[in-house]
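I opened this model to look up its sheet, its turns and its core. My entries follow in the order I made them.

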Amino acid sequence: DCNPAASRIFGYPREELISFQPPDISTPTQPDARQSTAATECYINAAMNGERQFFEWQHCRRNGEPFMAEVTLTRMMLGTEPHLVGSVRDITARKQAERELLRSYRSIRWKNQVSVQMHNLHETEEIARAAVNLLADVSNAHLVSFYYLNTSTQMSRLIAEGGPNRGKFLRIRDYQYFAVVQQLLVDHSIIISDIAHTDMLSAAQ
């Protein structure tokens with residue numbers, strides 16, 4: 001059976017919801033890559049053996065939207081028969097808050113690292129080389145590149161590159177025309193942004 005709160009969370013009427021098995025209202029795989037059917041069986045067996053289970057689980061609403069939940073499974077005796085009692089708590093808002101907190105922490109950490117590593121650096125290329133891996137870390141980008149653009153000749157030069165895929169992508173050769181640089185950035189859906197007070201360009205892929 002289920003209560004009205006469960007119907008609201010999943011979006012199904014009670015009569016339909018109680019006809020499902022747990023994998024029916026779960027994503028096929030969990031965020032840790034486990035198959036939901038196999039993982040469900042493990043949790044249920046452990047709970048029915050008297051081990052209370054408390055875990056995070058990715059369920060799925062009636063409209064197909066996945067959501068994270070905290071699940072508790074407990075064995076309860078009703079007369080002489082063991083029954084499994086489960087509770088599901090939607091933690092979507094909490095997970096979003098955790099992501100925002102982590103993003104804020106990474107931003108603060110990055111700013112502190114930049115401050116320490118760039119202390120006493122004055123040359124543009126020195127700053128770029130010090131910053132490129134920090135930018136890749138905080139943005140989770142596979143590749144971060146800095147190019148120096150000579151606006152009078154419209155020619156560019158790669159001065160720093162970082163990230164886990166450094167050197168694995170097609171890169172712009174030194175001193176190619178900026179038009180070629182621009183087209184390559186567009187073709188590879190790279191985000192490009194100007195850095196204030198310099199003619200240097202940054203790209204993150």
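Which residue in β2 stands opposite E56? I looked it up, and E70 is the residue opposite E56. I note here that the model is predicted.

**Entry: the sheet**

I traced the strands next. The sheet is open and has 3 strands, in the order β1-β2-β3. Their pairing is antiparallel. The edges are β1, residues 53-60, and β3, residues 81-90. Each of these edge strands pairs on one side only. I read an average twist of 35° from one strand to the next.

**Entry: β1 with β2**

I then took the strand pairs in turn. β2 covers residues 66-78 and pairs with β1 over 8 bridges, in the antiparallel sense. I looked up H59 as well, and its bridge partner in β2 is F67. The hairpin of β1 and β2 has 5 residues between the strands. Within this hairpin, G64 has a positive phi near 95°.

**Entry: β2 with β3**

How many bridges join β2 to β3? I found 10, and the two strands run antiparallel. For a cross-strand pair I picked R75, which stands opposite L84 in β3. This hairpin has 2 residues between its strands. G79 lies in the turn, and its phi is positive, at about 70°.

**Entry: the helix on the sheet**

Which helix packs on the sheet? I found α3, residues 36-48. α3 touches β1, β2 and β3. I noted the angle too: the direction of α3 makes about 150° with that of β1.

**Entry: the core**

I went on to the buried nonpolar residues. In soluble globular proteins, nonpolar side chains tend to be buried together. The largest nonpolar core here has 8 residues. I listed them as A6, I9, F10, Y12, L17, I25, F67 and A69. Two elements, α1 (4-10) and β2, give two or more residues to this core. The largest share comes from α1, with 3 residues. F67 is in this core, and I had already met F67 as the bridge partner of H59.

**Entry: around A69**

I closed with A69, another member of the core. What does A69 touch, leaving out residues up to four places away in sequence? I wrote down F55, E56, W57 and H59, along with V88, R89 and I91. E56 is thus on two of my pages: A69 touches E56, and E56 stands opposite E70.

Note on methods. Residues numbered from 1 in each chain as written. Predicted model: local features only at pLDDT ≥ 70, side-chain atom pairs only at ≥ 80, totals over all residues. Heavy atoms only, no water. Pairing = 2+ DSSP bridges. Helix = DSSP H or I, 4+ residues; strand = E, 2+ residues; numbered from the N terminus. Axes fitted to C-alpha atoms, helices over the stretch in contact; angles between N-to-C directions. Contact = heavy atoms within 4.5 Å. Core = buried A, V, L, I, M, F, W, Y, C linked by side-chain atoms within 4.5 Å. Buried < 20%, exposed > 50% of the residue type's maximum accessible area, 1.4 Å probe, protein only.
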